[in-house]
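Here's a quick briefing on a few local features worth a look in the viewer. Have the chain open and follow along.

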Amino acid sequence: MTLRSLSARLAPSEAGRRLRPRLLPIAQTALAAVLAYYVARIVPLDDPRPTFASIAAVICLGATYHQRGRRAVELTAGVVLGLATADVLLYLIGPGPLQIAVMIVLAMTVAVVLRGSELFVNEAAISGLILVSLVPAEQTGLTLTRPVEGLIGGLTALLIGAVVFPPNPKMLVHRAATRVLTDLRFALGEV
């Protein structure tokens, strides 16, 4: 990519054209994250700040706009598996760099044994990694609160995705065609 093509991609008119069709999915993802947070606050969990519910909602909606149902379920399952694996390992062996490796191996192994897709396997590792990396050592008791938060976030994302701003098939085709034609225009410009 040259400086010319980069500046053309960053031009305000080009940026606005790319942003417009994505405003509803962005708003939908933000709504799901906030709603998941508050739903998790209502459920009697040990976590006063259920951040993992919001994270799960963003992961499930953000990565699955084109193929909602199955991929969102796979991502939710991966989040829950990763968080549950990390919670158990944190309880048994505590936090640390070696524990991250053990957690990734265990979460990915379980996901593969469960015949999960690559998306499911990777999400299990990523979710566990986030938990093992970010949770302070004093919060490593076995509560399984965070996997429940992940499940709440995923279910909220599925609900928001199906009810609020459901995908418009015409818009999906238009968006895909626009992306291809835009890339082709830049490629031809480079040639």
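Let's start with Leu 92: its relative accessibility is 59%, so it counts as exposed, the cut-off being over 50%. Keep in mind that this is a predicted model. Leu 92 sits in helix 5, and it is one of the residues making up a nonpolar surface patch.

**Nonpolar patch**
- The patch covers about 530 Å² and is built from Val 88, Tyr 91, Leu 92, Ile 93, Val 102 and Leu 144.
- Helix 5, which spans residues 68–93, chips in with four residues, the largest share of the patch.

**Aromatic rings**
- If you're hunting for aromatic pairs, the structure holds one.
- That pair is Tyr 37 with Tyr 38, arranged edge-to-face, with 5.6 Å centre to centre and 85° between the planes.
- Tyr 37 has a relative accessible area of 21%, so it goes down as partly exposed, given that buried means under 20%.
- Over at Phe 186, the ring has a charged neighbour: Arg 185 lies over its face, 5.1 Å from the ring centre.

**Backbone oddity at Arg 115**
- Check the phi of Arg 115: the angle is near 60°, a positive value in a residue other than glycine.
- Where does Arg 115 sit? Look in the loop between helix 6 (97–113) and helix 7 (118–134).
- Arg 115 is exposed too, because its relative accessible area is 77% and the cut-off is over 50%.

Definitions and conventions. Residues are numbered from 1 along each chain as its sequence is written. This is a predicted model: local features need pLDDT of at least 70, side-chain atom pairs count only at pLDDT 80 or more; totals for chains, interfaces and linings use all residues. Side-chain values use heavy atoms; hydrogens and water are left out. Patches are made of residues with over 30% relative accessible area and no salt bridge: like charges are joined within 9 Å, nonpolar side chains (Val, Leu, Ile, Met, Phe, Trp, Tyr) within 5 Å. Accessible areas come from the Shrake-Rupley method with a 1.4 Å probe; for residues, only the protein chains shown count as cover. A salt bridge is a side-chain nitrogen of Lys or Arg within 4 Å of a carboxyl oxygen of Asp or Glu. Helices (H or I, at least four residues) and strands (E, at least two) are DSSP runs, numbered from the N terminus. Buried means under 20% relative accessible area, exposed over 50%, partly exposed in between (1.4 Å probe, protein chains only). Rings of Phe, Tyr and Trp (its six-membered ring) pair if their centres lie within 6.5 Å; planes under 30 degrees apart count as stacked, over 60 as edge-to-face and the rest as tilted. A charge sits over a ring if NZ of Lys or CZ of Arg is within 6 Å of the ring centre and within 35 degrees of the ring normal.
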